[in-house]
Amino acid sequence: MIARFRWRHWTHAGLALLISACTATFAPAGTPTATPPPATPTATPVPLAARVNGEGIALADYLSEIGLFERAHSALGTDLATLADYQVQILQSLMDQVLLTQGARASGLIVTEGELQARMEELAADAGGVEALGAWLAENDYSAESFQAAVAEEMQAQAMVEHITSEVGESPEQVHARHLLVSRRDQAESLRQQILAGEEFALLARQFTLDLTTRPAGGDLGWFPRGVLLAPEVEEAAFALAPGEISPVVQSSLGFHIVETIERGEHALSPSAGVRLRELAVEEWLSAQRESAVIEILVAP
């Protein structure tokens with residue numbers, strides 16, 4: 001319920017506790033009492049799981065995220081032993097969160113106090129009221145302050161995601177293509193020769209293609225931009241063709257394809273293609289940031 005406020009599963013490190021020492025001095029009556037110099041407050045170091053460009057991720061937050069993840073999956077009946085390296089993935093998500101918030105600050109993206117308070121009220125309403133939200137915080141080791149800080153960071157990261165994906169656009173260059181998939185190269189070569197000799201592509205695709213999702217439509221893949229097909233070799237071939245051209249036999253991990261580009265140009269994105277392009281934009285941005293960032297892993301995987 002409340003956990004869906006996250007862009008992934010992220011929290012933010014709390015402030016270090018400050019401690020100070022007090023010294024009492026006792027002396028006989030009438031003897032001047034020496035006043036000791038005031039003790040210097042000392043910041044207690046916060047154990048860290050990682051640093052990203054010098055910005056720490058608290059170990060407590062990392063462990064809390066692992067706990068949230070494990071409780072959620074246990075409630076679903078998932079055997080955690082089947083989830084390989086989930087601790088590594090959680091830490092990577094936390095580091096990506098820091099990269100996004102750092103990018104937001106560098107881009108001048110700010111979450112206002114009014115926006116934060118509106119979001120907090122929305123979360124309280126989703127939880128069933130302030131008391132229900134407070135109970136959820138207690139169950140998940142949040143204080144009101146740490147939860148608000150986590151929400152603020154989440155909103156800042158989301159603002160950066162929106163900033164990155166705003167450049168995707170709604171009508172990028174796309175192709176409208178179809179393909180025919182078989183398991184053997186010799187069969188693909190034979191079918192290609194039949195198409196070149198005048199056999200109808202769609203008819204042969206309905207008879208022979210192994211792609212059950214496109215078989216009823218004669219192999220039609222619809223309109224798609226770069227970066228969305230499961231077989232990038234098919235995508236590359238489709239973008240290399242002029243409308244009406246037939247590709248050579250294309251091999252992918254799925255088998256052997258024949259590809260025809262029907263038309264190409266700027267075209268409105270389908271909802272699924274739009275989602276995928278935005279995911280790719282964020283993934284590419286994060287990949288570039290990871291390459292240039294100074295990242296220190298301070299916990300064993």
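This report describes selected helices, aromatic contacts and one pocket of a predicted model.

## Helix H2

Helix H2 covers residues 86-106. With 21 residues at 1.5 Å a residue, a span of 30 Å is expected, and the C-alpha atoms at the two ends of H2 are indeed 30 Å apart, so the expected and modelled values agree.

Of the 21 residues of H2, 15 are buried, and the helix is therefore largely enclosed by the rest of the structure. Gly108 follows H2 and has a positive phi, near 75 degrees.

## Helix H3

Helix H3 comprises residues 113-127, and Leu123 is found within it. The relative accessible area of Leu123 is 2%, so this residue counts as buried, the limit being under 20%. Leu123 and Val151 are 28 residues apart along the chain, and a distance of 9.6 Å separates their C-alpha atoms.

## Aromatic pairs

The model contains 5 aromatic pairs. One of these is formed by Phe69 and Tyr86, whose ring centres are 5.0 Å apart and whose planes differ by 20 degrees, an arrangement that counts as stacked. Phe69 belongs to helix H1 (residues 59-75) and Tyr86 to helix H2, so the pair ties together parts of the chain that are 17 residues apart in sequence. Phe69 and Tyr86 are both buried.

A further stacked pair is made by Trp136 and Tyr142, with 5.7 Å from centre to centre and 20 degrees between the planes. Trp136 and Tyr142 are each buried. Ring pairs also bring in Phe147, so that Trp136, Tyr142 and Phe147 are linked into a cluster.

## A charge over a ring

An aromatic ring also takes part in a contact with a charged side chain: the charged end of Arg226 sits over the ring of Phe239, at 4.1 Å from the ring centre.

## The second largest pocket

The second largest pocket has a volume of about 210 Å³. Its lining divides into 7 nonpolar residues, 3 polar residues and 1 charged residue.

Leucines in the lining include Leu181, Leu221, Leu229, Leu230 and Leu254. Ala231 and Val234 also line the pocket, and both of these residue types count as nonpolar. His179, Thr213 and His257 are further members of the lining, as is Asp211. Asp is among the residue types that count as charged, so Asp211 accounts for the 1 charged residue of the lining.

Methods: Residues are numbered from 1 along each chain as its sequence is written. This is a predicted model: local features need pLDDT of at least 70, side-chain atom pairs count only at pLDDT 80 or more; totals for chains, interfaces and linings use all residues. Side-chain values use heavy atoms; hydrogens and water are left out. On a 1 Å grid over the protein atoms alone, a cavity is a set of points where a 1.4 Å probe fits but cannot get out, and a pocket is an open set with protein on both sides within 12 Å along at least five of seven lines; lining residues have an atom within 4 Å of a point. Grid points are joined across faces, edges and corners, and a volume is the space filled by probe spheres set on the points. Helices (H or I, at least four residues) and strands (E, at least two) are DSSP runs, numbered from the N terminus. The expected span of a helix is 1.5 Å times one less than its number of residues. Buried means under 20% relative accessible area, exposed over 50%, partly exposed in between (1.4 Å probe, protein chains only). Rings of Phe, Tyr and Trp (its six-membered ring) pair if their centres lie within 6.5 Å; planes under 30 degrees apart count as stacked, over 60 as edge-to-face and the rest as tilted. A charge sits over a ring if NZ of Lys or CZ of Arg is within 6 Å of the ring centre and within 35 degrees of the ring normal.
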